[in-house]
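Please find below a report on the surface patches, internal spaces and charge pairs of a protein model. The sequence and structure are shown first.

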Amino acid sequence: MFIAVSVAAPALAQEGGPTEPPAAAPDAEPSEEPRTSEEVIGDLPQEQQDAVQEAIEQRDTPGDQLHPEGEDELMGDHVVDRGDIKFRPGKGVEINSADDKFQLRIRVRVQMLYSFVHDENLGTNEGDEPEANLNDFRLRRARFVFQGTFFGKDNQYKLEIDPLRKDNVVLDYYLDFTKNRDIQVRVGQYKLSSNRQRVISSGNLEMVDRSQVNSEFSLDRDMGIDIRSRDFLGLNKMRYVLGVATGNGLNNPEFTDFAMVYLVRVEYLPMGIFRDYSETDFARTKPRLSIGATYSFFDNANESRGMVGVPFADGGTADYHFVYVDAMFKARGFFALTEFAFRTGQRKVGDITPSDPDYNPELPTDPRNGLGWMLQAGYLVPSTRFEFAARGALIKANSKRSATSLNDSYGTTFSLSYYFARHPFKIQADVSQLWEDTFKDGSTVFRLQLQASL
């Protein structure tokens, strides 16, 4: 806001010379002195004072020609019209600036889960049969997600918060720079590109949750930086990720050494790029296939599974090699996903001995070497919202070649889903049979989950 301040000047004679000031009336009161511009500005509200001061500073600047081209426009107001605000199920509220340089999407997602577990190995009272039933109802997940673009569509950001965890744990916070198609950069905390099902959002799963193979072998979230391409060479068939991460895991940003995680992943989509990081074939179109492979080296892993798990009893670390191979197929409502995971490593013994009071004999001392495999498939019934799915999984210890703290396990799962509005609003039920070591003793798990994503 600009304030015009006028100061009276002596009148000029017609001939150009100054005239004599008019004589004051005998009984007139002395006239007030004209107010200065500083006095007038000082009477304004603080917000208007700041605006006037900014205008004065801009006027007194050596010149706009010294500013980089386009900077003044970039740093100015970016108008948002009502037509640029919209809501889309699963994406949330989307706000776009009229010049398309800025976008903000706000989304809330919740999952409510009921579980019933029948485990024959859980005897609690002497004389009873060795079995127990456990019931649990809870808010399984809650997410607040903020994402969009800044200073152009090629600069992207994401912030995802979990309010259910202590201190409102931040799950994701990263920036993507995508101007170059073949060399894009991501930096921050995010899911490392290990196995495909881990990277798929928990809100876009065909079943209530991921497989036991994912739980055992996934690299999970970490602080890192990588280069990648969503369409390498523009062929509509290839993607890659090449990155490095700290190896400290979720919300542990301290960087104390160079014991890092190194990773490379390649993907080939022979029938063209499609939405291969979301389970279930809602599009029901022609066949589509995505094949991926990852290798990762984890230097000085502090936990038994790498980035997650429990510490080693002696306080040492392990150098781990991870290999993942996966494939996803979709066609006419049919969906299939298979994943293979392999982990092998060598221990670096710590300085805690069995005689030390900090030694915990229940913790592992050997690396968790082994492999896992799972196959999952489902079918979305034509012209309905029902989907049936099944999954089989196994984990095998690599005990023949080296000592390992991993145990064999097996599992089968059958599920039924009803999609009120695809993944954003759905109810899912599944029943699983899980075995440890042998097929004789195991547990039966029933789960019922409702998800709403706004």
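The report takes up the empty spaces, then the surface patches, and then the salt bridges.

**Empty spaces**

The model is predicted. Rolling a probe the size of a water molecule over the atoms shows where empty space is left. In this structure there are two cavities of 30 Å³ or more. The table sets the largest cavity beside the second largest pocket.

| Space | Volume | Elements giving two or more residues to the lining |
|---|---|---|
| Largest cavity | about 80 Å³ | strand 8 (221-229), strand 9 (238-245) and strand 10 (261-268) |
| Second largest pocket | about 690 Å³ | strand 3 (103-119), helix 5 (212-217), strand 15 (386-397), strand 16, strand 17 and strand 18 (442-453) |

Which element provides the largest share of the lining of the largest cavity? Strand 9 does, with four residues. The residues that line the largest cavity include Val241, Gly243, Val244 and Ala245, and also the charged residues Asp226 and Arg228. Tyr190, Leu192 and Ser193 are also among the lining residues of this cavity, as are Val261 and Leu263.

The second largest pocket has a lining of 28 residues. Nearest the centre of the pocket lie Gln212, Ser409, Tyr410, Leu434 and Glu436.

**Surface patches**

A nonpolar patch of about 710 Å² is present on the surface. Leu242, Val264, Val266, Tyr295, Val323, Val325, Phe340, Trp373 and Leu375 make up this patch. Two or more of its residues come from each of strand 10, strand 12 (317-331) and strand 14 (370-380). Val264 belongs to strand 10, an element that also gives two or more residues to the lining of the largest cavity.

The surface also carries a patch of positive charge, where Arg88, Lys91, Arg275 and Arg422 gather. Of these residues, Arg422 is placed in the loop between strand 16 (409-421) and strand 17 (425-436). Strand 16 and strand 17 are also among the elements that give two or more residues to the lining of the second largest pocket.

**Salt bridges**

Side chains of opposite charge can pair when their charged atoms come close. Across the whole structure, 29 salt bridges are found. One of these is formed by Arg143 and Asp162, with 3.4 Å between the closest N and O atoms. Arg143 is part of strand 4 (residues 132-149) and Asp162 is part of strand 5 (residues 155-162), so this salt bridge ties together parts that are 19 residues apart in sequence.

Key
Residues numbered from 1 in each chain as written. Predicted model: local features only at pLDDT ≥ 70, side-chain atom pairs only at ≥ 80, totals over all residues. Heavy atoms only, no water. Patch = residues over 30% accessible without salt bridge, like charges linked within 9 Å, V, L, I, M, F, W, Y side chains within 5 Å. Areas by Shrake-Rupley, 256 points an atom, 1.4 Å probe, with all protein chains shown as cover. Salt bridge = Lys/Arg side-chain N within 4 Å of Asp/Glu carboxyl O. Charge placed at Lys NZ, Arg CZ, Asp CG, Glu CD. 1 Å grid on protein atoms, 1.4 Å probe; cavity = no way out; pocket = protein on both sides within 12 Å on 5 of 7 lines; lining within 4 Å. Points joined across faces, edges and corners; volume = space filled by probe spheres on them.
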